[in-house]
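Please open the model in your viewer and keep the sequence panel beside it, so that each selection can be followed in both. The tour below moves from one selection to the next and describes what is found at each stop.

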Amino acid sequence: MNDAADRTIREFLVPDLGEGLLDATVVAWLVVPGDTVTVNQPLCVLETAKAEVEIPSPYAGTVVERRGEPGQTLLVGTPLILVDSGAPGIGAKPDAAADLAASPAANLAPDPAASAVPDTAVDARSADRSAVRTGDRSADRTGDADSGPVLVGYGTGAGTDTGRSAVRRRPAPRRSPSAAATGTGRPRAKPPVRHLARTLGVDLAALGAGSGPEGTITRKDVHAAAASLTTGAAGDGGSDSGTRSIPVRGIRARTAAHMERARREIPDAHCSLTVDFSRLLALRDRLRARDAESAATPFALLLRLLTLTLREHPRLNATYVQDGPEVRTYDAVHLGIGTATPRGLVVPVVRDAQDLSTVRLAREVARLADGARAGALTPRELTGSTFTVSNFGALGLDEGVPVVNHPEAAILGVGSIRPRPHVVDGDRLVVRPTAKLTCAFDHRVCDGAEAAAFLTALGALVEDPDTLLLSL
């Protein structure tokens with residue numbers, strides 16, 4: 001390759017797709033070598049622990065080389081694709097790409113106090129695409145609530161005085177069915193369908209032509225194939241027939257690694273308490289009678305009482321720091337809420353929960369839960385928790401022992417509220433709506449007595465929320 005050609009080859013690196021993410025998995029390529037691409041045309045779909053997103057091209061030109069096959073994980077800051085822009089100056093924003101190459105996000109260390117189970121999902125059909133700020137990159141990491149994700153791709157800078165494009169979120173353009181074909185003999189299927197097939201253990205190559213336009217494999221085809229795998233006759237003893245392997249990637253892979261680390265590094269213990277929710281439910285009913293739109297659920301009321309209890313028991317709202325060693329407590333209560341989504345467990349974070357009213361707290365929890373299931377939350381909304389709550393009751397479970405969300409000091413598990421036999425006044429058996437609260441805690445941070453004091457204080461507030469008036 002001559003010098004002139006060398007000057008037109010643009011190397012696009014795996015971008016930083018969020019705070020603390022150091023790698024991404026190739027889900028599907030949307031272009032092949034030899035294709036002509038335009039600025040912001042989708043090149044491929046990458047999956048991280050936070051999202052599955054389309055990556056737009058920062059350059060116009062011809063695809064020269066792709067790096068990474070579907071299913072392969074690439075480090076942030078390593079080459080993703082080479083594009084021949086044809087001549088110097090044709091490719092859009094080459095300086096921006098150079099800036100990214102000079103400062104790969106792989107050099108960024110995640111916040112040690114951040115929740116490491118991020119957990120959100122983005123369906124590739126509505127995957128978010130954002131533009132990167134190409135000037136001072138430190139501004140992208142200031143934590144401005146209006147800044148959105150760090151980057152997904154580059155913009156053209158049109159309409160700005162500085163030549164930098166504002167960070168924005170917008171749906172990816174719909175592609176025709178023919179765009180799903182890669183031209184390499186791989187089955188025709190859109191990225192969300194490929195993701196579904198990997199999750200269900202379906203080999204797309206074995207399905208042949210799908211039922212969609214031009215033989216495109218659809219979700220219905222994948223589900224039908226998965227059903228046949230599940231209901232197919234089991235083979236004879238020792239046969240592999242009827243078995244399937246399900247790759248663990250993205251959120252589930254990150255969750256698995258996080259849980260393993262938590263179990264390895266945190267010497268946890270736990271304690272439980274059965275609590276009478278009669279008066280809290282009565283309070284809920286009174287609030288709803290006054291304002292039907294108050295969103296005052298029992299869980300939201302419990303979280304409000306929890307924030308007050310954590311302020312009185314700061315060692316539960318803390319982190320154990322190996323260097324020193326020391327226990328680092330936090331004035332702010334950033335509540336992580338364990339949320340089940342189609343792509344796995346994520347933990348959206350209610351920041352400064354101690355400053356929110358009950359109504360605002362309830363609405364913020366509902367907003368974050370909806371956003372987590374839809375895959376619409378930003379990295380900032382998925383990191384930085386100081387204490388996590390796992391609501392087993394929402395799954396129909398009476399109790400459970402949660403795993404401490406590393407590097408936090410404790411987590412609260414909440415069982416279902418059901419009518420159960422309950423002893424009151426020492427020896428009188430009645431039926432009351434009760435639930436079991438379970439606290440798992442880092443035994444390096446606090447001992448059993450401190451954890452018990454925290455849990456009994458919370459239980460006392462739940463059983464008699466009117467005592468809050470004494471502290472106001």
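**First stop: strands E2 and E4**

Begin by selecting strand E2 (residues 23-29) together with E4, two strands that run antiparallel and are joined by four bridges. One residue pair to display here is Thr25 and its bridge partner in E4, Glu47. Strand E4 itself spans residues 42-47 and is mostly covered, six of its six residues being buried.

**The whole chain**

Now zoom out, bearing in mind that this is a predicted model. The protein chain contains nine helices and 21 strands, and 47% of its 472 residues count as buried. If you count contacts between residues at least 6 apart in sequence, 67% of them join residues at least 24 apart. With a surface displayed, the chain exposes about 21700 Å², of which carbon and sulfur atoms supply 52%.

Colouring by confidence is a useful next step: pLDDT averages 76 over the protein chain, and 71% of the residues score at least 70. Over residues 87-184, however, the pLDDT is below 50, although the model gives this stretch 224 contacts beyond near neighbours in sequence. A further stretch, residues 231-238, also stays under 50, and there the model has three contacts beyond four places in sequence.

**The open sheet**

Select next the four strands that form an open sheet, in the order E1-E8-E6-E3 and with antiparallel pairing. Which strands stand at the edges? They are E1 (9-13) and E3 (36-37), each of which has a single partner strand, so one side of each is left without a neighbour in the sheet. At the E3 edge, two bridges join E3 to the antiparallel strand E6 (residues 61-66), and Val37 stands opposite Gly61 in E6.

Stay with this sheet and pick out two residues of strand E8, which covers residues 79-84: Ile81 and Asp84. Is Ile81 buried or exposed? Ile81 is buried, with a relative accessible area of 0%, whereas Asp84 counts as partly exposed at 25% relative accessibility.

Both residues also show how the chain brings distant parts of the sequence together. Ile81 and Phe12 are 69 residues apart in sequence, yet their C-alpha atoms are 5.4 Å apart in space; Asp84 and Arg10 are 74 residues apart in sequence and 6.1 Å apart by the C-alpha to C-alpha distance. Beyond residues up to four places away in sequence, Ile81 touches Arg10, Glu11, Phe12, Trp29, Val31, Leu43, Val63, Glu65 and Arg66. With neighbours within four places likewise set aside, the contacts of Asp84 are Thr8, Ile9, Ala60, Gly61, Thr62 and Val64.

**The nonpolar cores**

Turn now to the largest nonpolar core, a set of 44 residues in which Leu306, Leu335 and Phe387 have the most contacts. Helix H7 (residues 298-312) contributes the largest share of this core, seven residues. Apart from this core lies another, of 20 residues, among them Trp29, Leu43, Leu46 and Ile55.

Centre the view on Phe387 and show what surrounds it: leaving aside neighbours within four places in sequence, its contacts include Leu306, Leu310, Leu316, His334, Leu335, Ile411, Leu412 and Phe454. Asn317 and Glu408 are also in contact with Phe387.

**A hairpin and the cysteines**

Move on to strand E20 (residues 418-424) and strand E21 (residues 428-442), which pair in the antiparallel sense over seven bridges. Arg420 has Arg432 in E21 as its bridge partner. The two strands form a hairpin with three residues between them, and Asp425 in the turn has a positive phi of about 55°.

For the last selection, show the cysteines Cys271, Cys439 and Cys446. Why does Cys439 form no disulfide with Cys271? The sulfur of Cys439 has its closest cysteine sulfur in Cys271, but at 5.0 Å this is too far for a bond, the cut-off being 2.5 Å. For Cys446 the closest cysteine sulfur is that of Cys439, at 6.8 Å, which is again too far for a bond. Both residues are buried, Cys439 with a relative accessible area of 0% and Cys446 with one of 2%. By this rule the count of disulfides comes to zero.

Notes
Residues are numbered from 1 along each chain as its sequence is written. This is a predicted model: local features need pLDDT of at least 70, side-chain atom pairs count only at pLDDT 80 or more; totals for chains, interfaces and linings use all residues. Side-chain values use heavy atoms; hydrogens and water are left out. Buried means under 20% relative accessible area, exposed over 50%, partly exposed in between (1.4 Å probe, protein chains only). Contact means heavy atoms within 4.5 Å. Accessible areas come from the Shrake-Rupley method with a 1.4 Å probe; for residues, only the protein chains shown count as cover. pLDDT is the predictor's confidence in each residue, from 0 to 100. Two strands pair if DSSP finds at least two bridges between them. A nonpolar core is a set of buried Ala, Val, Leu, Ile, Met, Phe, Trp, Tyr and Cys residues joined through side-chain atoms within 4.5 Å.
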